[in-house]
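Open your viewer and get ready to select a few residues. This short tour tells you what to pick next and what is there.

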Amino acid sequence: MADTALQRRPRLISALGSALQIGLPAATLIAMLAVIFWIRPSAMSYFGFTLLFKFAVPLMFAALAQMLVIMLGDIDLSIGSFVGFVTCVTALYLNEAPLLALAILAASIAVYAGVGLLIHVRQLPSIIVTLGMSFIWLGAAVTLMPGPGGTAPRWLVAFMSWKPPFVPLPVLMALLTALVGHLVIARSSYGAVLRGAGANPRAVERAGWSVRTIRCAVYAAAGALACLAGLTLTGLTTSGDPNVAPAYTLLGVGAVILGGGAFTGGIVSPVGTVIGALTLALAGSLLSFLQVPPTWQIGAQGAILFLVLAGRILFSEHRS
């Protein structure tokens, strides 16, 4: 009996850790919703949830892209600029020349994979390489579109304004994305290999997997998710803008860490990342409802993130 209890203890600690990773940001999200509903009861409706979370959708995809990179132990400082580049390509070409737009986006994803390959082969720090790529993506976006402009395709605008029955579109997309991410990253055998490539790449290589191929595939997947962020953002704003999403870089990092991720690699939670993205997106609405001046809102968002992370650290130390 004693041996059985000792065998169960690590699994129990792991389960408690996973619950803590998701539970704390979820509790923060619920608390913020409660404050908003107390201030504005009319927000507790289908229309209210749509307004509160519609701009969380592109941030959610950008955060998941950042999560894949952090899963490898890297960090991507180019996601915000890349999302802006995608909005410009979408607004300029997807409506009039869809094949050209898809070719540009596919080439962009291939460039993302090439960045992962370069970082791995040359053993370069990802923070420096992706910082350089951020200027490249921004320069390409400004070359295509010096300022806001273009027109989003009607089908894209219609999709982002679609009202499915019972569940608002942003909530539905968050649920589906979190489910797919959990099944692929946390539950599948291949997801274990992907996480292992960040936590213990030598063990993965000894098991017969190519870490170089894994890095290329993960960076390509991150590029694809960032493309989805740009597409959904264009559908919401109905135009392109090279400077529309610079905050997505650090907000994406914040969502991953808020959701239980770690910079050491191998420790990420797709469900927690989605909840973290929803929490950070809702923080702006909460501060507006509390009539916090716009000049203070960025600092207040940082304070909310700091408090939640501090609470997670305190709970982790207490559990230990």
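The tour of this predicted model has three stops: a salt bridge, a helix pair and a surface patch.

**Stop one: the salt bridge**

Select Asp74 and Arg215. They form a salt bridge, and their closest N and O atoms are 2.5 Å apart. The count for this model is 1 salt bridge. Where do Asp74 and Arg215 sit in the chain? Asp74 lies in the loop between α3 (56-71) and α4 (79-94), while Arg215 belongs to helix α11 (residues 211-237). The two are 141 residues apart, so the pair links distant parts of the chain.

Are these two residues buried or exposed? Asp74 has a relative accessible area of 9%, so it is buried, the cut-off being under 20%. Arg215 is buried too, at 10%.

**Stop two: two helices**

Now show α3 and α11. Their axes come within 7 Å and cross at roughly 170°. That angle is over 145 degrees, so α3 runs roughly antiparallel to α11.

Select the side chains between them. From α3, the contact includes Val57, Phe61, Leu64 and Leu68. From α11, it includes Tyr219, Ala222, Leu225 and Leu233.

**Stop three: the surface**

Turn on the surface. Select Val35, Trp38, Ile39 and Leu290. These residues form a nonpolar patch there, with about 410 Å² of accessible area together. Next, pick Trp38, which is in helix α1 (residues 2-39). Is Trp38 buried or exposed? Its relative accessible area is 72%; exposed means over 50%, so Trp38 is exposed.

Terms used. Residues numbered from 1 in each chain as written. Predicted model: local features only at pLDDT ≥ 70, side-chain atom pairs only at ≥ 80, totals over all residues. Heavy atoms only, no water. Salt bridge = Lys/Arg side-chain N within 4 Å of Asp/Glu carboxyl O. Helix = DSSP H or I, 4+ residues; strand = E, 2+ residues; numbered from the N terminus. Buried < 20%, exposed > 50% of the residue type's maximum accessible area, 1.4 Å probe, protein only. Patch = residues over 30% accessible without salt bridge, like charges linked within 9 Å, V, L, I, M, F, W, Y side chains within 5 Å. Areas by Shrake-Rupley, 256 points an atom, 1.4 Å probe, with all protein chains shown as cover. Axes fitted to C-alpha atoms, helices over the stretch in contact; angles between N-to-C directions. Parallel < 35°, antiparallel > 145°, perpendicular 65-115°, else oblique. Contact = heavy atoms within 4.5 Å.
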